[in-house]
Amino acid sequence: MPVTHDHSYVEDFAPGANVLPPRAWLDDDSAKLPLTGEWSFRLSPSVADAPGDLKDPDTSGWDTITVPGHWQLSGYGAPAYTNVVYPFPLEPPYVPTDNPTGDYVRTVTIPADWAGSRVVLRFEGVDSRFAVHVNGEFVGWSSGSRLPSEFDLTDLVAPGKEARIAVRVHQWSAGSYVEDQDMWWLSGIFREVNLVALKPTAPTDVFVHASYDLGTGTLKVDSDVAGTVVVPELDLEIPTGVEVTATVEPWSAESPRLYDGVVRTEGGDVRLRIGFRTVEIADGVLTVNGNRVLFNGVNRHEFHPDRGRALTEQDMLDDVLIMKRAGINAVRTSHYPPHPHFLSLCDEYGLYVIDECDLETHGFGYEPEPPKLPNPVMDERFRDDLVERMRRMVQRDKNHASIIIWSLGNECGMGDNLKAMYDAAKEIDSSRPVHYERDTEAEFVDIYSRMYTDPAGCAEIGAGPELYRNLPFILCEYGHAMGNGPGGLLDYREVFDKYPRCQGGFIWEFIDHGIRTTIDGREVYAYGGDFGETIHDGNFVCDGLLFPDRTPSPGMLEYIKVIEPLRIVAGDNGVSITNRYEVLDTEHLTFAYVVEVEGTQVASGELSVPVIAPGETVTVELPAVDASRPETWVTVTASLAAGTSWAEAGHRIAWGQIRLDSPVSVDLPAGGAPADGVAGVDGISVGAVKNARLDVWRAPIDNDTNPGVAAAWREEGLHRVQHRIVSQGERDGAWEVVTRTAPPQLQWGLVSTWRWTAVDGGVVLDLSVVPEGTFPEVLPRLGITFELPKVSQVEWFGTGPNEAYVDTREAAAVGRYSATVAELQTPYVRPQENGHRIDTRWATLDGLRIEALGTLFGLTVRDWTTQALETATHAADLVPGDTTHVTLDIAQTGVGTAACGPALPDRDKLKTAPAKLSVRFTSN
Ligand code: GAL
Ligand code: MG
């Protein structure tokens, strides 16, 4: 076909033209010529502006670009972020005339020894639609950004000769209508390109069928070119297409046993990594090898702060290692098939995968919102493309043991095309169940799935076998990890533990998609709007358990604790340890204990624990300890006895803390008025403490802002309260100041009595707060905030080492900690309340010691005000001044997950009511 500059394919409903049928991704002997690296590149602002010279482009004046990569991250155009909305009008298949179009050109020499082979050009991923020209001829076009496409060049190229490859890539296409995932719009050839030589005598498609039942593996390997299947470790040598059984060890996420195999043919070998496992659904429970699976999962987008979705193999390994070390056992590849290498890593290291097709049409809306029609999943014109997308995924990925579920896509509502995709998947592979979350009535799916249902809603499903055809139930998304949070994860764990049908879920999501860039000379992680987009969804793109640089946020640490495979808690006369693994016993773990008194270690040692089988509990006696001293705690830790492929020996797997003493209430010390006198609100003179006042406000977290909670708080004036000294004077041996804290224009207030009593070396504050008027039902926080000259080091005895709120305190251990003020901050991409340490007993801030007398306080120390935290848009905006701001909270409202999820439960709200705080300030 001659070179064409007919661009009608951009708005074609078809999946492509002249694309080879999909096949398995193979580790074979086919010769490959990688086309990664530099390509000549030119970006045109629209299709019409793209020159008609692809027959023989003169690239001398062009730039170069690195493949794989996105052009928006290589200096051309800019990234743009939308969650639900399409950044163009909805009139499929049409796309804007301003359709950035990138031309990639490269000349390669076809190896001389490729004679006799079919020469195939393979793209692993191009966003969003592209046409290929080789040696001046139009070859074909394809779409499906996160799916491979292959073109046969045999008749266009000659071994030993040069071939000129020109690829024209369009940012927008009819395909964009079905790729409305919540992520950055990033274009270009972002996965590898290879020239491949396929020998006619070598297999091009192989399908491994490997199942497991009670010690016996069944193996059959289909191949398009017949050969011999060899599995040396099992002494197997069988023809392709023939089924055989053998005694094997099964594959599971916890014990990812793989066998090396090979398909031998005249034309070359295909290497296999065979995992024997069987996925079944019976009585409402999904099992792997007969064992109920509990998904402690995450939703993973492919993301790197510099590379976008063009990940390196190291990035993929980093993700897998982070997951394995965290005890995460499952990944939903939201919302498109990942790079195939990631799936190989999941096979090797052991992660269950829900492989999701490259499909989302969220912007068309669905119930309860009125949908915009016709949604591509209902539109027959899209049917072939959608079905082909499913086939392309299943064919590419069918040999991965780690994939135990196929998913049709995300958030498209319902439509016949989805059912056709389901059928297409089953036709190729009937061994795996199929998932789709928007099949809300479980009409055709094999697994019932929801997102963001609250724990009570999950329990209802768990308790109702008559609901949703008694299918296994998962939360394909929950625990929305945007900003500070997610809170309340323990509530879900309890439901998953209680109802066999409730098989866990997948946190939304693994990583913040903040793009590293510079704004006003400061390095920041950019989110929606930072690149000048007019339509965008702000920092909704930063909602991961990891910060963009893959360091864990406190939410990740909390999740690790909540899902840990052992439960270590107080038992009768000792410590009770429950094994929550699916298949592993505890033989690979060692147990140790540490006893601390007020954070100082007094004893430690190994703990001898019998081997615990999955599902079993043992109670182990603890070494005798003098428990008469206040704050005596024992911490029991289970660690890896030996290194594994994903962690070193000693890696912590689970822990639990038990208090051994019985807490007693502390007597409040008595004393006279402090010698140097203390003022009220405008500055008390305890050391350098200044400007102590009642505090009810926190810099709204995403979970306050998005559901409108923060707006309601503002209505109540909580963000701008004023303080009035009602009275002050000596009274009953103390300096007593009465204040009233209230917002402008409103009539409610908080009346506080501050009683300052001089004690040896310092002063005791007894604060009592009483609300009056029609006060708000819930406060963000209730505490006091004061200023100190810049503090360098903070030591505290309480919860730590990381931030902990009332509903995110599982990962916090009681202990003695030390940190700089900078280290106490959590760098959420969009700044917000952070760094709170609940239940602090005492703290020293350089020379000042603060001690809880009775009720414990929440400690927050920062080098900026709450207001500065609230108005900052990126972490780098926060610059320390020469004052440190300290907040001692009587209580603070929990964090929850309401940015995208259920409202904060009442239990975790700080209800406005009379409250008290007693603390002693002394010079250290
Ligand atoms: C879900 C969606 C995800 C993401 C999330 C909000 O509805 O499936 O892709 O958008 O909400 O962060
Ligand atoms: Mg969406």
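**What surrounds ligands 1 and 2**

Tutor: Welcome! In this predicted model, the shell around ligand 1 splits into 5 nonpolar, 4 polar and 4 charged residues.

Student: What makes a residue part of the surroundings of ligand 1, and which are the closest?

Tutor: A residue counts if one of its heavy atoms lies within 4 Å. There are 13 such residues around ligand 1, and the closest are Asp182, His335, Glu411, Glu477 and His480.

Student: Why is the pairing of glutamate 477 with ligand 1 called a polar contact?

Tutor: The cut-off for a pair of N or O atoms is 3.5 Å. A polar side-chain atom of glutamate 477 is 2.6 Å from an oxygen atom of ligand 1, so the pair qualifies. Histidine 480 does so with a polar side-chain atom at 2.7 Å, and asparagine 410 with an N or O atom at 2.9 Å. Ligand 1 alone exposes 310 Å², and the protein buries 95% of that.

Student: What makes Glu360, His362 and Glu411 donors of the magnesium ion, ligand 2?

Tutor: Donor atoms must lie within 2.8 Å of this metal. OE of Glu360, ND1 of His362 and OE of Glu411 coordinate it at 2.1 to 2.2 Å, so they meet the limit. Their spacing along the chain is E-x1-H-x48-E. Histidine 362, in the loop between β29 and α3, and glutamate 411, in the loop between β30 and α4, are 49 residues apart and link distant parts of the chain.

Student: How do you know that strands β35 and β36 pair?

Tutor: Pairing takes at least two bridges. These antiparallel strands have 5, so they pair. Isoleucine 519 faces arginine 522 of β36.

Conventions:
Residues numbered from 1 in each chain as written. Chains lettered and ligands numbered in written order. Predicted model: local features only at pLDDT ≥ 70, side-chain atom pairs only at ≥ 80, totals over all residues. Heavy atoms only, no water. Helix = DSSP H or I, 4+ residues; strand = E, 2+ residues; numbered from the N terminus. Polar contact = N/O pair within 3.5 Å; in protein donor to acceptor, adjacent residues only side chain to side chain. Areas by Shrake-Rupley, 256 points an atom, 1.4 Å probe, with all protein chains shown as cover. Nonpolar A, V, L, I, M, F, W, Y, C, P; charged D, E, K, R; others polar. Donors = N, O, S within 2.8 Å, 3.2 Å for Na, K, Ca; no water.
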